[in-house]
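Hi everyone, and thanks for coming. Let me walk you through a structure that may be new to you, one topic at a time.

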Amino acid sequence: MNPRMKKLRTCLILATIGFANSVLVTPAFAQLRLTITSGVTDPIPIAIVPFAKAVPVDGGLDVAQVVERDLQSSGRFKAMARTDMVNTPTSATEVDAAAWKQLRVDYVVVGRLVPLPDGQIRVEADLVNALTGLNPFTAKSTVPAANLRKGAHRVADMLYEKIIGVRGAFDTRIAYVSVDGKPPTQQYELYVADSDGANRKVVMRSKLPIMSPAWSPDGEWLAYVSFERRVSTVFVQQLRTAKKIAVSARAGINGAPVYSPDGKKLALTLSGSNGNLDVYLLDLSTQQLSRLTEDQGIDTEAVFAPDGSALYFTSDRSGSPQVYRLTLGSSERPRRITFSGSYNARPRVSPDGKQLALLTLVDGSYRIAVQDLSNGTVTVLSKGRQEESPSFAPNGAMLIFAGRDRGQGVLQTVSVDGQIQARLDADAGEVREPVWGPFQP
Amino acid sequence: MIKGVHMKKFVSIALVLGSIVLLASCGTKPEEQPPPPPAQTTDTSAADTPSATDETATQGPSGELLSKRIVYFDYDSAEIRADSQSVVAAHARYLATAPAQKVRLEGHADERGSREYNIGLGERRGQSVRRALLLQGVAEVQLTTVSYGEERPAVAGSDEQAYAANRRVEIVYLK
């Protein structure tokens, strides 16, 4: 497809999902497009009125639209079309709550951008309950002018928390791997983007596979596996400086890195030259290595419990891949914790430590499930045939994972109750292995 | 339960060893070996020249079996398929007589399931070819393994044919 056609197709897709306005505003950012495929049956009607602008320091960014898209992407809101708005107030005092109630909205968001003497911009958004008209709430965020999108996401986080009661995770980032070209000659890229797919930046590019990205707890580094030396190597890379350190390039497999909750260690998979995969712990400052599992089966895909007291990992020591739990600093044998089905792998722990997301084989399809760690109940969340790599949002409300759509790898999100589903499509190539980053300062 | 699994593993290793011994015993009469699978060579023409753009690789020896560099496997299995045993045996014979020649065994899996677990499955396959070569007189220093899991498919596609073509070990002759 030539670039003009591709652009046309992009525009058509955007138009069909109601984001037509954005095409003119943010085409350079729109490499991933979000579509809600299933929302709550009863979304909250909300009107997000265009904000008072701060020309020219706002760079033309439609902040209200970023906020609107964030809230819509949660699947919990239904935003009123701008063309249906009767007037466009920019502060709570100008909002006639009763009039908006007549238009069948529960909440009205109005706002403005306030340029500050030091060059920063304060984003202010008032939330008015149209049903009561009482106690308006104001969300505020001060950001450098160049970083206005961040201010919009933060305001969306605050509005979401005020209405839903759960901290929003819009001001977060995701990392993912993109693959272009046809086998056997493919090009691999590691990206970081805002949680809505905007602000995409290349972290690393290679003609050989890149896989298994993992965030440091402070969001400053990514650990990943690269085959750029034709054998596997685990790197850590600082995002701000692009400084890249090979932390494990041992004989055999160097794979599946994850950071410890204190950010000082990596759990990773090594095989040595005899090919027996086990999980190890690597101290990043001393390079000291300690072995955590010892079994002839494949032990891999470790992840820490949020309090750092235990590891969950995949092992096929019982004959099929299942998830095990290992208490750190204890001599107990790892305990198997998955029992339903013949394939349970790639565990990830929810931020509160109460749930496990995993890849499970059900009815011949690989799907994303969550398992309640207290009672073992398994809930299958996704509906595809070949899905993988679940990763929790830092607020624990959503999961991002990789699925397939007409043979292409796409990113998908799902709420932990399975009700709300969305798809993030890429312009070109295949996207996979999404990992949701931590809350940002 | 654990015991049973180890037993199962032992049995499957014994089976592999047994078939290697069988092969080795008929190794002096290569004309009696079964013909290579015709279907695979047509489906995977791109993959029949592994690592074509690999600057660390060299063309390596030629010959009916030696020019075949791909060993195929069944689903969820690391046992060298019967139709690939003659290829492994031919490379073993060649490498045993060329002790300075090194090869890299690149293990691969089909795209189903978890990526890092598939790295493990690819490694198992690479190790299975490595063990077969060692048992047939190749020296340890001649062999390295790498697993690409499902990351470097030989062919695109999500059907049985593509899966079968992608479950493989590529024998790469190094410079």
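Let me begin with a word I will use a lot: a residue is buried when its relative accessible area is under 20%, exposed when that is over 50%, and partly exposed in between, using a 1.4 Å probe and protein chains only. By that rule A:Lys150, at 17% relative accessibility, counts as buried.

Some housekeeping before we go on. This is a predicted model, where local features need pLDDT of at least 70 and side-chain atom pairs count only at pLDDT 80 or more, while totals for chains, interfaces and linings use all residues. Residues are numbered from 1 along each chain as its sequence is written, chains are lettered from A and ligands numbered from 1 in the order in which they are written, and side-chain values use heavy atoms, with hydrogens and water left out.

Back to A:Lys150, then. What does A:Lys150 form a salt bridge with? The partner is A:Asp171, and the closest N and O atoms are 3.1 Å apart. By salt bridge I mean a side-chain nitrogen of Lys or Arg within 4 Å of a carboxyl oxygen of Asp or Glu. This pair links distant parts of the chain: A:Lys150 sits in helix H5 (residues 148–164) of chain A, and A:Asp171 is in the loop between H5 and strand E7 (173–180), 21 residues apart. When I say helix or strand, those are DSSP runs numbered from the N terminus, with at least four residues for a helix (H or I) and at least two for a strand (E). A:Asp171 is buried too, at 6%.

Over all chains, the count comes to 30 salt bridges. Another one joins A:Asp58 and A:Lys53, at 3.7 Å from N to O. Here A:Asp58 is buried, with a relative accessible area of 5%, while A:Lys53 is partly exposed at 45%. We find a similar mix for A:Arg122 and A:Glu124, whose closest N and O atoms are 2.7 Å apart: A:Arg122 is partly exposed at 26%, and A:Glu124 is buried at 9%.

Now let's look at where the two chains meet. How many residues does each chain bring to the contact? Chain A brings 46 residues and chain B brings 38, where contact means heavy atoms within 4.5 Å. The size of an interface is often given as the accessible area lost when the parts come together. For chain A and chain B, the buried area is about 3,400 Å², 52% of it on carbon and sulfur atoms; buried area here is the accessible area (1.4 Å probe) that two parts lose on being put together, summed over both.

Three salt bridges cross this interface. One that you can look up is A:Glu388 with B:Arg115, with 2.7 Å between the closest N and O atoms. The elements that give two or more residues to chain A's side are strands E10 (210–215), E14 (254–259), E18 (299–304), E22 (344–349) and E30 (430–436) of chain A. E10 gives the most, with three residues.

Let's stay in E10, which is where A:Ser212 is placed. A:Ser212 is buried, with a relative accessible area of 8%. Its side chain is joined to that of B:Glu116 by a polar contact of 2.5 Å. A polar contact is a pair of N or O atoms within 3.5 Å; within protein, one must be able to donate a hydrogen and the other to accept it, and residues adjacent in sequence count only if both atoms are side-chain atoms. The rule finds 14 residue pairs in polar contact across the interface, both at pLDDT 80 or more.

A second serine to find is A:Ser271, in the loop between strand E15 (265–270) and strand E16 (278–283) of chain A. A:Ser271 is buried at 4%, and its side chain reaches the backbone nitrogen of A:Ile253 at 2.7 Å. Leaving aside neighbours within four places in sequence, the residues in contact with A:Ser271 include A:Asn276, A:Leu277 and B:Glu123.

Last topic: the aromatic rings. The structure holds nine aromatic pairs over all chains. In one of them, the rings of A:Tyr343 and A:Tyr366 have centres 5.0 Å apart and planes at 85 degrees, so the pair is edge-to-face. Rings of Phe, Tyr and Trp (its six-membered ring) pair if their centres lie within 6.5 Å, and planes under 30 degrees apart count as stacked, over 60 as edge-to-face and the rest as tilted. Both tyrosines are buried, A:Tyr343 at 7% and A:Tyr366 at 5%. Finally, A:Phe77, A:Tyr160 and A:Phe170 form one aromatic cluster.
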